Amino acid sequence: MGVLNVTPDSFSDGGLYMDVDRAVARAREMANEGAAIVDVGGESTRPGAEPVPEAEELQRVVPVVERIAAGAGDGATVAAGPRISVDTRKLGVAEAALQAGARVVNDVSAFRASPDMAGLVASAGADCCLMHMRGDDPRTMQDDPRYDDVVSDVRAFLEERLEFAVAEGVGEEHVWLDPGIGFGKTADHNLELLRRLDEITAIGRPVVVGASRKSFLGRITGRLERERTAATVAANVIAYERGASIFRVHDVAPNVDALRVAAATFPAPWTTKST
Ligand code: HH2
């Protein structure tokens, strides 16, 4: 899953893809590098980020989704085209993005910000990613995060959110789960989640991991955001070995290569022979 932030303030690619042509070109580039999914987001959820009004988020996201869904649109071709996921907590944005051609709703609030999102996903027959975040506000989630046991707490949260989604009519087969690396967690919490990720994959749904360029990798390596590719690859290979199957990344090509080698070494049930 390639990250495409159409925001001015995302923590590592903010401001790069505000222009629709540039965003579409970046989506094409990531698809050509092996991204099966492109995750389009119009609101940063980095620690401390300010919320974006719905009209603004719609304006950022919908034209980009439309253009990617229409294919390259200007004569260039992308084999099969990537699936589009929309990274939003807002019902109106998810609805418009699904109408424009998105097929996945990636909700970092796991349907807590807009509980009606579950019904929308159900009626659209879309897939969804439900993520753990401590509390419900990126502005305060990093204020002294504490857990009894981070892995058990995250697991219980994800099981409850899965139950909620299914009760609202979302087919269980449409739900992906994400431990929310960096969302209200210390560096040690993130490492513990990666180390014991098999306890999350044991829930039985595909697990998404979003470790890409995050600050705990900077804390370990001393590197700035754009220099954290190798650290991200290491985290993803570890996550793969512990059962994750979807990897949300900014740097698609190196992660695809590394995960192909990991998949060739430790074939997992979801790995197709062609990869
Ligand atoms: N991380 C970010 C945003 N969305 N979605 C899922 N499912 N999992 C994640 O770990 C995740 C996510 C934050 O990263 P990024 O999009 O690069 O930054 P920002 O929120 O500043 O736009």
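Which residues of β1 are buried on one side, and which on the other? I would like to start there, and I should say at once that what we are looking at is a predicted model. In β1, Gly2 and Leu4 are buried on one side, while Val3 and Asn5 are buried on the other, so that both faces of the strand are covered. As background, the side chains of a regular strand alternate between the two faces of the sheet.

Let me place that strand in its sheet. The sheet is open and has six strands in the order β1-β2-β3-β4-β5-β6, with parallel pairing. Its edge strands are β1, residues 2–5, and β6, residues 175–178, each of which pairs on one side only. From one strand to the next, the twist averages 25°.

If you follow the pairing from the β1 edge, β1 and β2 are joined in the parallel sense over four bridges, and within that pairing Asn5, which we have just met as a buried residue of β1, has Gly41 as its bridge partner in β2. Strand β2, residues 37–41, then runs parallel to β3, residues 83–87, with five bridges between the two; here the bridge partner of Asp39 is Ser85 in β3. Helix α2, residues 54–69, packs on the sheet and touches β1, β2 and β3, and its direction makes about 160° with that of β2.

Now to the helices and how they pack on one another. Two packed helices are described by the angle between their axes and the distance between the axes. For α2 and α3 the angle is about 15° and the axes are 9 Å apart, which makes α2 roughly parallel to α3, given that angles under 35 degrees are counted in that way. The crossing of α2 past α3 is right-handed. On the α2 side the contact is made by Glu54, Glu57, Leu58, Val61, Val62, Val65, Glu66 and Ala69, and these meet Gly92, Val93, Ala96, Ala97 and Ala100 in α3. Sorted by class, that contact has nine nonpolar residues, one polar residue and three charged ones.

Helix α3, residues 91–100, also packs against α4, residues 117–124, at an angle of about 10° and with the axes 10 Å apart. These two helices are therefore roughly parallel to each other, and α3 passes α4 in a right-handed crossing. The residues that meet here are Leu91, Ala94, Glu95 and Leu98 from α3, and Met117, Leu120 and Ala124 from α4. They divide into six nonpolar, no polar and one charged.

Where does Phe111 sit? Phe111 is in the loop between β4, residues 104–107, and α4, and with a relative accessible area of 1% it is buried, because anything under 20% is counted as such. Most residues other than glycine have a negative phi. Phe111, however, has a positive phi, near 70°, without being a glycine. Asp144, in the loop between β5 and α5, is likewise not a glycine and has a positive phi, of about 50°.

Phe111 also leads us to another helix, α5, through Phe164, which lies in that helix. Leaving aside neighbours within four places in sequence, Phe164 is in contact with Phe111, Pro115 and Ala118. The C-alpha atoms of Phe164 and Ala110 are separated by 9.6 Å, although the two residues are 54 residues apart along the chain. As for helix α5 itself, residues 150–167, it lies across β5, residues 127–131, and β6, running at about 145° to β5.

My last stop is helix α9, residues 229–241, where Ala239 is found. Is Ala239 buried or exposed? At 0% relative accessibility, Ala239 counts as buried. Not counting residues up to four places away in sequence, Ala239 touches Leu194, Leu197, Val209, Ala244 and Phe247. Its C-alpha atom and that of Val207, 32 residues away along the chain, are separated by 9.3 Å.

To return to the opening question, both faces of β1 are covered, even though β1 is an edge strand that pairs on one side only, and helix α2 is one of the elements that touch this strand.

Definitions and conventions: Residues are numbered from 1 along each chain as its sequence is written. This is a predicted model: local features need pLDDT of at least 70, side-chain atom pairs count only at pLDDT 80 or more; totals for chains, interfaces and linings use all residues. Side-chain values use heavy atoms; hydrogens and water are left out. Axes are lines fitted to C-alpha atoms, for helices over the stretch in contact, and angles run from 0 to 180 degrees between N-to-C directions. Angles under 35 degrees count as roughly parallel, over 145 as roughly antiparallel, 65 to 115 as roughly perpendicular and the rest as oblique. A crossing is left-handed if the near helix is turned anticlockwise from the far one by less than a right angle, and right-handed if clockwise. Contact means heavy atoms within 4.5 Å. Ala, Val, Leu, Ile, Met, Phe, Trp, Tyr, Cys and Pro count as nonpolar, Asp, Glu, Lys and Arg as charged, and the others, Gly among them, as polar. Two strands pair if DSSP finds at least two bridges between them. Buried means under 20% relative accessible area, exposed over 50%, partly exposed in between (1.4 Å probe, protein chains only).
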